[in-house]
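Reader: I would like a close look at a single part of this model, followed outward into its surroundings. Please take it step by step.

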Amino acid sequence: MTSPHRRFTEDRLVIASHNKGKVVEIRELLEPFGVDVVSAGDLGLPEPEETGLTFIDNAVLKARAAAEASGLPALADDSGMTVEALDGAPGIYSARWAGPSKDFAVAIELVRTRMGDDPDRRGAFVCALALAWPDGAVETFEGVIQGHLEFPPRGSNGFGYDPIFVPEGDSRTFGEFEPAEKHAISHRAIAFRQLVRACFEPD
Ligand SMILES: O=P(O)(O)OP(=O)(O)OP(=O)(O)OC[C@H]1O[C@@H](n2cnc3c(O)ncnc32)[C@H](O)[C@@H]1O
Ligand SMILES: [Mg+2]
């Protein structure tokens with residue numbers, strides 16, 4: 001049976017993200033596929049307003065905007081951290097909790113104070129990926145990694161909420177992981193494996 005997914009056959013791809021940490025990780029994850037990648041920032045593409053109510057909706061909105069503006073296929077990532085004790089917040093608002101200056105010390109402090117001494121420390125990272133073509137076709141994938149939160153933040157690798165997130169089965173935060181170790185297990189890596197299987201690898 002042939003794959004129901006639209007295959008990626010072009011040789012150039014736009015990463016529809018203005019987040020430097022994400023762009024670094026996505027470039028590393030795409031490296032084995034020999035795709036020439038350019039970021040939305042490099043092309044001077046605008047940052048669309050994220051009006052969706054799910055990670056998938058926002059990933060599709062960002063990928064479609066970049067594909068239309070650039071005339072190239074575009075890959076967007078909408079991701080965030082969900083906290084059990086906060087009923088899933090900050091979730092799709094994870095970037096917005098860091099405020100206009102994108103200060104994650106502020107966002108992390110907000111999570112710490114809102115959780116207070118709630119004994120439930122469980123959290124997860126979610127990553128939705130959308131690959132969109134200029135003709136409007138789109139493919140979507142989602143990955144989740146479970147873990148718990150620890151304060152104060154530890155480690156200077158990664159980005160965003162990495163210094164407070166401890167994935168299940170480890171005692172270190174993602175901020176203390178080497179990049180290659182994070183790529184082996186992260187929410188982004190899980191979503192990427194599905195994307196690669198569906199759209200990049202030969203049938
Ligand atoms: O929308 P783009 O331009 O891609 O960049 P952004 O930073 O606004 O990205 P999102 O809207 O998807 O918001 C997700 C936020 O969740 C956080 N986040 C996502 N993945 C993460 C990861 O692997 N490690 C730590 N924090 C992460 C990070 O702080 C992001 O700013
Ligand atoms: Mg964003």
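Which residues does A63 touch, not counting residues up to four places away in sequence?

Author: This is a predicted model, and what follows should be read with that in mind. Leaving aside residues up to four places away in sequence, A63 touches A16, A74, L75, A76, A130, L131, A132 and V138. A63 also belongs to the largest nonpolar core, a set of 49 residues, where A63, A66, L75 and L129 are those with the most contacts inside it. Several helices and strands feed this core, and at least two residues each come from β1 (12-15), α1 (20-30), α2, β3, α3 (104-115), β4 (122-132), β5 (138-149) and α5 (187-200). Among these contributors β4 gives the most, with 9 residues.

From the core one can turn to the annotated positions, beginning with the record itself. In an unreviewed UniProt entry, the annotation "binding site" covers E49 and D78. Although these positions are spread over 30 residues of sequence, they cluster in space, with a largest C-alpha distance of 12.3 Å. The unreviewed entry also carries the annotation "active site", and this covers D78.

The two positions sit in contrasting settings. E49 is placed in the loop between β2 (36-39) and α2 (55-70), and E49 counts as exposed because it has 10 C-beta neighbours inside 10 Å, where 12 or fewer is the limit for that class. D78, by contrast, lies in strand β3, and D78 counts as buried because 29 C-beta neighbours fall inside 10 Å, where 20 or more are required. Again without residues up to four places away in sequence, D78 is in contact with F55, N58, A59, K62 and A128.

Strand β3 also leads to the ligand. Spanning residues 74-83, β3 gives the most to the shell around ligand 1, with 4 residues. In total 23 residues surround ligand 1, and the closest are S17, N19, S94, A95 and G160. Sorted by class, this shell holds 6 nonpolar, 9 polar and 8 charged residues.

Taken together, β3 is a useful element to follow through the model: this strand supplies at least two residues of the largest nonpolar core, contains D78, and gives the most residues to the shell around ligand 1.

Methods
Residues numbered from 1 in each chain as written. Chains lettered and ligands numbered in written order. Predicted model: local features only at pLDDT ≥ 70, side-chain atom pairs only at ≥ 80, totals over all residues. Near = placed C-beta within 6 Å. Nonpolar A, V, L, I, M, F, W, Y, C, P; charged D, E, K, R; others polar. UniProt positions renumbered as here; feature names shortened; annotations may be inferred. Contact = placed C-beta atoms within 7 Å. Core = buried A, V, L, I, M, F, W, Y, C linked by C-beta atoms within 7 Å.
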